[in-house]
Amino acid sequence: MAYLQYFGAGLAALGVCGVIASIVSPDQGGIGTVAVGVVLLCVGIAVLVLAGRKASG
């Protein structure tokens, strides 16, 4: 199940980087780019929680 944890961590990191990149340079993206980053972050966290639950029980 370690692959799920790596996948979730990667998605969460991608989401954080996307949101930061959108905020730092606003001419590179709009609200859609921020929304995609937030969605990736939430999905990454959900996958991490799922992996943690599967690993513990």
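Trainee: Are helix 1 and helix 2 roughly parallel or roughly antiparallel to each other?
Mentor: This is a predicted model, in which local features need pLDDT of at least 70 and side-chain atom pairs pLDDT 80 or more, while totals for chains, interfaces and linings use all residues. Residues are numbered from 1 along each chain as its sequence is written, and side-chain values use heavy atoms, without hydrogens and water. The axes of the two helices (lines fitted to C-alpha atoms over the stretch in contact, with angles from 0 to 180 degrees between N-to-C directions) come within 7 Å and cross at roughly 160°. Under 35 degrees counts as roughly parallel, over 145 as roughly antiparallel, 65 to 115 as roughly perpendicular and the rest as oblique, so helix 1 and helix 2 are roughly antiparallel.

Trainee: How many residues in the contact of helix 1 with helix 2 are nonpolar?
Mentor: The crossing of helix 1 and helix 2 is left-handed (near helix turned anticlockwise from the far one by less than a right angle; clockwise would be right-handed). Its contact residues include 7 polar and 1 charged (Asp, Glu, Lys or Arg; Ala, Val, Leu, Ile, Met, Phe, Trp, Tyr, Cys and Pro are nonpolar, and the others, Gly among them, polar). The number of nonpolar residues in this contact is 17.

Trainee: How far apart are the end C-alpha atoms of helix 1?
Mentor: Helix 1, a DSSP run (H or I, at least four residues; strands are E, at least two; both numbered from the N terminus), covers residues 2-24. The expected span is 1.5 Å times one less than the number of residues. For the 23 residues of helix 1 that gives 33 Å, which agrees with the end-to-end separation of 33 Å.

Trainee: Which helix is among the elements that cover the buried residues of helix 1?
Mentor: Buried means under 20% relative accessible area, exposed over 50% and partly exposed in between (1.4 Å probe, protein chains only). In helix 1 the buried residues are Leu-4, Gly-8, Leu-11, Ala-12, Gly-15, Val-19 and Ser-22. The buried residues of helix 2, namely Gly-37, Gly-44, Val-47 and Ala-51, pack against helix 1. In turn, the cover over the buried residues of helix 1 includes helix 2.

Trainee: Which residues does Ala-51 touch, leaving out those up to four places away in sequence?
Mentor: Ala-51 sits in helix 2 and counts as buried because its relative accessibility is 0%. With contact taken as heavy atoms within 4.5 Å, Ala-51 touches Leu-4 and Gln-5.

Trainee: What distance separates the C-alpha atoms of Gly-10 and Leu-41?
Mentor: Gly-10 belongs to helix 1 and is partly exposed, with a relative accessible area of 35%. Along the chain, Gly-10 and Leu-41 are 31 residues apart. Between their C-alpha atoms the separation is 9.3 Å.

Trainee: Is Gly-57 buried or exposed?
Mentor: Gly-57 lies in the segment after helix 2. Its relative accessibility is 90%, so Gly-57 counts as exposed.
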